[in-house]
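Reader: Could you take me through this model, one question at a time, with the reasoning set out before each result?

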Amino acid sequence: MSPTRVLVLNSGSSSVKYQLLDMRGNGRLAAGLVERIGEETSRLKHTPLHTGGGTRERTAPIADHDAALKAVAEELAADGLGLDSPELAAIGHRVVHGGKRFTEPTVIDDAVLAEIERLIPVAPLHNPANLTGIRTARALRPDLPQVAVFDTAFHTTMPESAARYAIDVETADAHRIRRYGFHGTSHAYVSRATARLLGKDPSEVNVIVLHLGNGASASAVRGGRCVDTSMGLTPLEGLVMGTRSGDMDPAVIFHLMRVGGMSTDEIDTLLNKKSGLIGLCGDNDMREIRRRVDEGDERAKLAFDIYIHRLKKYIGAYYAVLGRVDAVAFTAGVGENAAPVREAAVAGLEALGLAVDPERNGVRGDGPRLISPDDARVKVAVVPTDEELEIATQTYALVKDSDNLT
């Protein structure tokens with residue numbers, strides 16, 4: 001029998017998230033997180049899911065990603081799931097930016113690595129960490145197919161009218177400036193899961209997907225293909241986020257440089273790490289913001305209102321782009337858990353066929369569910385995202401019937 005296990009790695013600048021899945025039944029065998037890599041307080045949390053065993057933790061310095069992945073391999077081996085297992089079919093890597101070239105999952109070779117590295121200027125926070133994880137994994141298992149699954153790939157179906165900025169074409173092309181979009185694996189998974197929830201094929205359904213976490217993005221999906229998304233050249237554009245500003249007049253940057261005397265790096269830090277909800281009210285945790293709103297905190301209320309105003313604008317804009325909307329799907333940490341956000345986002349949009357049932361919206365659940373009234377013209381859904389399963393599915397589909405799997 002051919003190997004059916006896929007290890008999914010999501011390498012950040014100082015962390016590695018991982019899951020091991022068996023694709024025979026999409027069963028999760030193990031999951032974990034290595035965080036604070038390079039610090040004295042590094043920590044590894046590992047959960048063997050196939051045995052129902054409890055989470056194990058180790059706290060000790062982990063110098064780099066090489067040491068981190070070796071530690072992960074040790075934990076997996078302790079559960080009989082080592083990286084040397086003949087049942088391991090491939091390793092799937094989340095790669096944030098694939099540019100225009102990578103429109104689908106891709107087996108990694110030296111040329112692919114070089115292209116991912118070439119894209120670092122448009123993804124300076126993410127692609128270097130992704131590359132580090134890939135190189136380390138290749139060194140540990142050079143015989144095993146390694147597959148890159150790109151956050152940007154799902155959005156490459158956007159028409160040029162949605163993907164291009166209205167700037168000089170030659171300048172844009174010379175510097176690869178266009179709207180790429182991100183969270184693509186989540187938008188792909190959730191749009192298909194929403195279609196299943198409605199009992200339809202994805203090709204028959206138009207969905208607005210709202211991925212609301214600390215990073216947040218919206219997409220308009222027509223018949224299973226993305227036709228617009230809120231993030232752009234980088235993940236900074238679009239919705240109000242935990243620490244990112246989202247949409248803003250570009251001239252604010254010139255103003256801060258000329259009048260505020262701020263450097264490029266200072267402005268970058270401001271817009272990416274000190275803006276959004278945390279810039280508006282000092283908190284980027286929606287639970288804490290809602291607690292403060294309920295206690296009458298005016299700064300928290302303003303931050304929440306700005307967040308909802310931007311979200312509602314995108315729902316309306318993507319309704320116009322799609323022409324017909326079958327469902328609006330909320331996903332990710334805030335989208336799945338913050339009932340007040342869902343309620344406020346569609347409030348006043350009854351003329352568009354949007355509404356939530358208060359009782360359904362208030363019930364917490366693990367699986368996909370409808371929270372709109374039975375007679376709603378447009379269904380409103382909560383659909384938990386599963387980016388690891390999406391990466392594993394795409395990885396396995398690429399290698400299982402090909403020469404990549406021996």
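Reader: At roughly what angle do the axes of helix H11 and helix H13 cross?
Author: This is a predicted model, in which local features need pLDDT of at least 70 and side-chain atom pairs count only at pLDDT 80 or more, while totals for chains, interfaces and linings use all residues. Residues are numbered from 1 along each chain as its sequence is written, and side-chain values use heavy atoms, with hydrogens and water left out. Axes are lines fitted to C-alpha atoms, for helices over the stretch in contact, and angles run from 0 to 180 degrees between N-to-C directions. On that basis the axes of H11 (residues 298–322) and H13 (residues 339–346), helices being DSSP runs of H or I with at least four residues and strands runs of E with at least two, numbered from the N terminus, come within 9 Å and cross at roughly 55°.

Reader: Which residues of H13 make the contact with H11?
Author: Contact means heavy atoms within 4.5 Å. From H11 the contact takes Phe304, Tyr307, Ile308, Leu311, Lys312 and Ile315, and by class the contact of H11 with H13 has nine nonpolar, no polar and one charged residues (Ala, Val, Leu, Ile, Met, Phe, Trp, Tyr, Cys and Pro count as nonpolar, Asp, Glu, Lys and Arg as charged, and the others, Gly among them, as polar). On the H13 side, the residues are Pro340, Val341, Ala344 and Ala345.

Reader: Is Ala339 buried or exposed?
Author: Ala339 lies in helix H13, and its C-alpha is 6.0 Å from that of Gly362, although the two are 23 residues apart in sequence. Buried means under 20% relative accessible area, exposed over 50%, and partly exposed in between, with a 1.4 Å probe and protein chains only. Because its relative accessible area is 19%, Ala339 is buried.

Reader: How are H2 and H3 oriented to each other?
Author: The axes of H2 (residues 110–118) and H3 (residues 127–140) come within 10 Å and cross at roughly 160°. Angles under 35 degrees count as roughly parallel, over 145 as roughly antiparallel, 65 to 115 as roughly perpendicular and the rest as oblique. H2 and H3 are therefore roughly antiparallel.

Reader: Which residues of H3 does H2 meet?
Author: H2 contributes Asp110, Leu113, Ile116 and Glu117. Its partners in H3 are Asn127, Leu131, Ile134, Arg135 and Arg138.

Reader: Which strands are at the edges of the open sheet?
Author: Eight strands form this sheet in the order E5-E4-E3-E2-E1-E6-E8-E7, with mixed pairing, where two strands pair if DSSP finds at least two bridges between them. An edge strand pairs on one side only, and the two that do so are E5 (56–59) and E7 (106–107).

Reader: Which residue in E4 is the bridge partner of Gly32?
Author: Strand E3 (residues 27–35) pairs in the antiparallel sense with E2 (residues 15–22) over eight bridges, and six bridges join E3 to E4 (residues 43–48), again running antiparallel. In E4, the partner of Gly32 is His46.

Reader: Is Ser275 buried or exposed?
Author: Ser275 is found in the loop between helix H8 (264–273) and helix H9 (276–281). Leaving aside its neighbours within four places in sequence, Ser275 is in contact with Gly242, Thr243, Arg244, Ser245 and Leu270. At 11% relative accessibility, Ser275 counts as buried.
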